[in-house]
Amino acid sequence: MQELYNNYFNILNDEIWKVAIYARLSREDEKDDKYNGQSESIENQIKYLKSIVTKKGWRLVDIYKDDGYTGTNFDRPDFKRMLTDIDEKKINLVITKDLSRLGRDYIETR
């Protein structure tokens with residue numbers, strides 16, 4: 001298992017990653033105890049994700065953020081802009097704090 005893990009990360013390290021950070025916080029999230037306070041704010045999500053990009057030595061291309069938009073649909077301005085940039089090959093890796101930031105419907109998100 002360790003060999004598989006090492007091989008996976010060796011492949012990742014050889015790729016040139018053009019990274020997009022995606023952050024989202026909806027008004028519903030702000031009411032949820034899980035997101036109480038500033039721990040999941042847009043700024044904190046971005047700060048955390050930037051630290052990962054820096055640590056890995058990846059190239060940050062853009063930051064996409066939809067503040068105040070629900071995760072129950074994909075009708076969000078920066079989400080749509082990010083999909084366009086993926087189609088245009090401007091980015092080849094999207095990172096987010098957790099999968100629910102992309103969307104609440106996990107089947108549709110993948």
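**Exercise 1. Overall layout**

Which pattern does the protein follow, read along the sequence?

*Solution.* The model is a predicted one. Read along the sequence, its elements follow the pattern α-β-α-α-β-α-β-α-α. The protein has 6 helices and 3 strands. As for burial, 32% of the 110 residues count as buried. Turning to contacts between residues at least 6 apart in sequence, 68% join residues at least 24 apart.

**Exercise 2. The nonpolar cores**

Determine which residues form the largest nonpolar core, and which elements each supply at least two residues of this core.

*Solution.* Step 1: the largest nonpolar core has 10 residues, namely W17, V19, I21, A23, L25, I42, I46, L49, V53 and I95. Step 2: at least two residues of this core come from β1 (18–25), and at least two from α3 (42–56). Step 3: another core, of 7 residues, lies apart from it, and Y22, F79, M82 and I91 are among its members.

**Exercise 3. The buried face of α4**

Explain why the buried residues of α4 line one face of the helix.

*Solution.* Step 1: the buried residues of α4 (77–87) are D78, F79, M82 and D85. Step 2: viewed down the helix axis, these residues fall within an arc of 120°, so they line one face of α4. Step 3: the elements against which they pack are β1, β2, β3 (93–95) and α5 (99–102).

**Exercise 4. Salt bridges**

Establish how many salt bridges the whole structure holds, and describe those formed by D75, R81 and R101.

*Solution.* Step 1: a search of the whole structure finds 6 salt bridges. Step 2: D75 pairs with K80, their closest N and O atoms being 2.6 Å apart; K80 is partly exposed, at 42% relative accessibility. Step 3: R81 forms a salt bridge with D78, with 3.0 Å between the closest N and O atoms. R81 and D78 are 3 residues apart in helix α4, which means that about one helical turn separates them. R81 is partly exposed at 32% relative accessible area, whereas D78 counts as buried at 16%. Step 4: R101 and D98 meet through their side chains in a salt bridge of 3.8 Å, N to O. R101 is buried, at 0% relative accessibility, while D98 is partly exposed, at 21%. Step 5: through shared partners, salt bridges join D62, D78 and R81 into one network.

**Exercise 5. A buried arginine**

Locate R76, and decide what prevents its nearest side chain of opposite charge from counting as a salt-bridge partner.

*Solution.* Step 1: R76 is found in the loop between β2 (59–67) and α4. Step 2: R76 is buried, and the nearest side chain of opposite charge is D66, 4.7 Å away. Step 3: a salt bridge requires the nitrogen and oxygen atoms to be within 4 Å. R76 therefore has no salt bridge. Step 4: leaving aside neighbours within four places in sequence, R76 is in contact with several residues, including Y22, D66, R101 and L102. Step 5: one of these contacts, L102, has its place in helix α5, and is buried with a relative accessible area of 16%.

**Exercise 6. The backbone at K89**

Is K89 buried or exposed, and what is notable about its phi?

*Solution.* Step 1: K89 is found in the loop between α4 and β3, just after α4. Step 2: K89 is exposed, with a relative accessible area of 61%. Step 3: most residues other than glycine have a negative phi. Step 4: K89 is not a glycine, yet takes a positive phi of about 65°.

Definitions and conventions. Residues are numbered from 1 along each chain as its sequence is written. This is a predicted model: local features need pLDDT of at least 70, side-chain atom pairs count only at pLDDT 80 or more; totals for chains, interfaces and linings use all residues. Side-chain values use heavy atoms; hydrogens and water are left out. Helices (H or I, at least four residues) and strands (E, at least two) are DSSP runs, numbered from the N terminus. Buried means under 20% relative accessible area, exposed over 50%, partly exposed in between (1.4 Å probe, protein chains only). Lys and Arg count as positive and Asp and Glu as negative; His and the chain ends are not counted. Contact means heavy atoms within 4.5 Å. A nonpolar core is a set of buried Ala, Val, Leu, Ile, Met, Phe, Trp, Tyr and Cys residues joined through side-chain atoms within 4.5 Å. The arc is that of the directions from the helix axis to the C-beta atoms.
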